[in-house]
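I opened the notebook to look up charged pairs and unusual backbone angles. The entries follow in the order I made them.

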Amino acid sequence: MANARERSLKMRLIHRYLGFFLSGIMLVYALSGIMLIFRDTDTFKREVLIEKSVAPQLEPNKIGPAIGLRNLKISEEKAGIFYFRQGTYNSTTGKAQYTKMQLPYVLDKLAHFHKAKTGDPLFFLNIFFGLGLLFFVISSFWMFLPQTSVFKKGVYFSLAGVVLALVLLFV
């Protein structure tokens, strides 16, 4: 019995201090996650003027990929200047001027933090954070004795959370 009690106390101790440590990361993930909900709108973005020099004499269907704009649609062409919704491309000089909606520096870093890929140094932090959250899920079941009503209610609430997540995921 002492062994089970010691293990329970150890789990509680790790759960407590890991929770305090990860609370800062959770705050940043929560804010960046809320911000990313609006990524398909211009809610937090600002208009930025971009000037680029690319190869001259590009064909109209090559302009978008060359300057980094997806789904670019040329509206008209006059005297070697191609006009599109965001700006212009001068086919003689290869100079493109256009506006683009971008997140401010800090918000862009927050979005990158939340969406880090395997090539980013933040990848390891994301893995650690995910494992920390997984530990919270598992260790929370050591917080109360299995015979207690609090534990049983906790299991029901956990199952309800899983069901809700699955319903929202597949509906």
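**Loops and charged pairs**

I began with glutamine 57, which sits in the loop between E1 and helix H2 (60-67). I kept in mind that the model is predicted. The phi of glutamine 57 is near 60 degrees, a positive value in a residue other than glycine. I then asked whether glutamine 57 is buried or exposed. Its relative accessibility is 59%, so glutamine 57 counts as exposed, the cut-off being over 50%.

Next I went to the loop between strand E2 (74-78) and strand E3 (81-84), where alanine 79 lies. Alanine 79 is not a glycine, yet its phi is positive, about 55 degrees. Alanine 79 has a relative accessible area of 78% and is therefore exposed.

I turned to charges. Side chains of opposite charge can pair when their charged atoms come close. How many salt bridges does a search of the whole structure find? I noted two.

One joins glutamate 51 and lysine 95, with the closest N and O atoms 3.8 Å apart. I noted that this pair links distant parts of the chain: glutamate 51 is in strand E1 (residues 46-53) and lysine 95 in strand E5 (residues 95-102), 44 residues apart. Glutamate 51 has 46% relative accessibility, so I entered it as partly exposed. Lysine 95, at 37%, also counts as partly exposed.

I also recorded the salt bridge of lysine 78 with glutamate 76, whose closest N and O atoms are 3.4 Å apart. Glutamate 76 is partly exposed because its relative accessibility is 38%.

Conventions: Residues numbered from 1 in each chain as written. Predicted model: local features only at pLDDT ≥ 70, side-chain atom pairs only at ≥ 80, totals over all residues. Heavy atoms only, no water. Salt bridge = Lys/Arg side-chain N within 4 Å of Asp/Glu carboxyl O. Helix = DSSP H or I, 4+ residues; strand = E, 2+ residues; numbered from the N terminus. Buried < 20%, exposed > 50% of the residue type's maximum accessible area, 1.4 Å probe, protein only.
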